[in-house]
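Reader: Could we go through the charged side-chain contacts in this structure? I would like to begin with any that are joined together.

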Amino acid sequence: MLFRSGCFQKIGYIQDRRDDIIEWLRPNLDVTDYSDDNICVIHFRGGEYLTTASWCPPEYYANASDIMLQINPNMKFFVVTDDPEEAKKYIPWASVIGSSTMDEKDPYGEMQGTGFYKYQGGPISVDYSILNNAKYAIISASTFSFWPCWTNTKLKEIIAPRYWFDYKTSNGWWRGDDMIVDNWLYLDQDGNAIEGCECKVQYNNYRKTNPFYQSL
């Protein structure tokens, strides 16, 4: 059997198989408690992720919530996370829900996280299902939130960090640059939101004039 590594989030590879992938990745449980027009689910990635360059600052979540409140002034916010203590610091105005609040332990918990951080909560399939059923979502630059949201058939609006892993450092490039979703909203550091289809246009123009891409 041939094994390949990678995040497998190149939209060109998967878009025409979305219906199949929805079935392949359908979770075994169905948590619909937070699938409501007045609820926005936030995914906060913590733990060892906070030692990388890819974490989003508190302002990202605050700016994203402001946009959601423009859509619906009655919106309430809830957080699913692998790191409830840090989530409360970054997003103190939203309640933590999901697996990290459960007494039950994930049987594969020791396999979650790397290095110094080990996940201590309940089954992470609960968080996956919550995101997969959410009608409104704000996500981190995380593979864990990408898949349940991309396969979510109920989703009405989602906000993700513009430039993905390089949200805090980019002046126009994306990392990864082949996973922009056309109908998602992407938020920059100034609080401006732009649809993925327009992000692609701007990124293509950036590559046409940037010396790095011209040298490839």
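Reader: Which residues are linked in a network of salt bridges?

Author: This is a predicted model. In it, a network of salt bridges links Asp37, Lys135 and Lys156.

Reader: How many salt bridges does the structure hold?

Author: The structure holds 10 salt bridges.

Reader: Back to the network: where do Asp37 and Lys135 lie in the chain?

Author: Their side chains form a salt bridge at 3.7 Å, N to O. Asp37 is in the loop between α2 (18–24) and β1 (39–44), while Lys135 is in the loop between α5 (125–133) and β4 (136–138). The two residues are 98 residues apart, and the pair links distant parts of the chain.

Reader: And what does the pair of Asp37 and Lys156 tie together?

Author: That salt bridge has an N to O distance of 2.8 Å. Lys156 sits in the loop between α6 (143–150) and β5 (157–161), so its pairing with Asp37 ties together parts 119 residues apart in sequence.

Reader: Is Lys156 buried or partly exposed?

Author: Lys156 is partly exposed, because its relative accessibility is 48%. Asp37 is also partly exposed, with a relative accessible area of 32%.

Reader: Changing topic, which loops hold Asp188 and Arg162?

Author: The side chains of Asp188 and Arg162 meet in a salt bridge of 3.9 Å, N to O. Asp188 belongs to the loop between β6 (185–187) and β7 (193–195), and Arg162 to the loop between β5 and β6, so the pair ties together parts 26 residues apart in sequence.

Reader: Why does Asp188 count as buried?

Author: Asp188 counts as buried because its relative accessibility is 11%, and the cut-off is under 20%. Arg162 is buried as well, with a relative accessible area of 9%.

Notes:
Residues are numbered from 1 along each chain as its sequence is written. This is a predicted model: local features need pLDDT of at least 70, side-chain atom pairs count only at pLDDT 80 or more; totals for chains, interfaces and linings use all residues. Side-chain values use heavy atoms; hydrogens and water are left out. A salt bridge is a side-chain nitrogen of Lys or Arg within 4 Å of a carboxyl oxygen of Asp or Glu. Helices (H or I, at least four residues) and strands (E, at least two) are DSSP runs, numbered from the N terminus. Buried means under 20% relative accessible area, exposed over 50%, partly exposed in between (1.4 Å probe, protein chains only).
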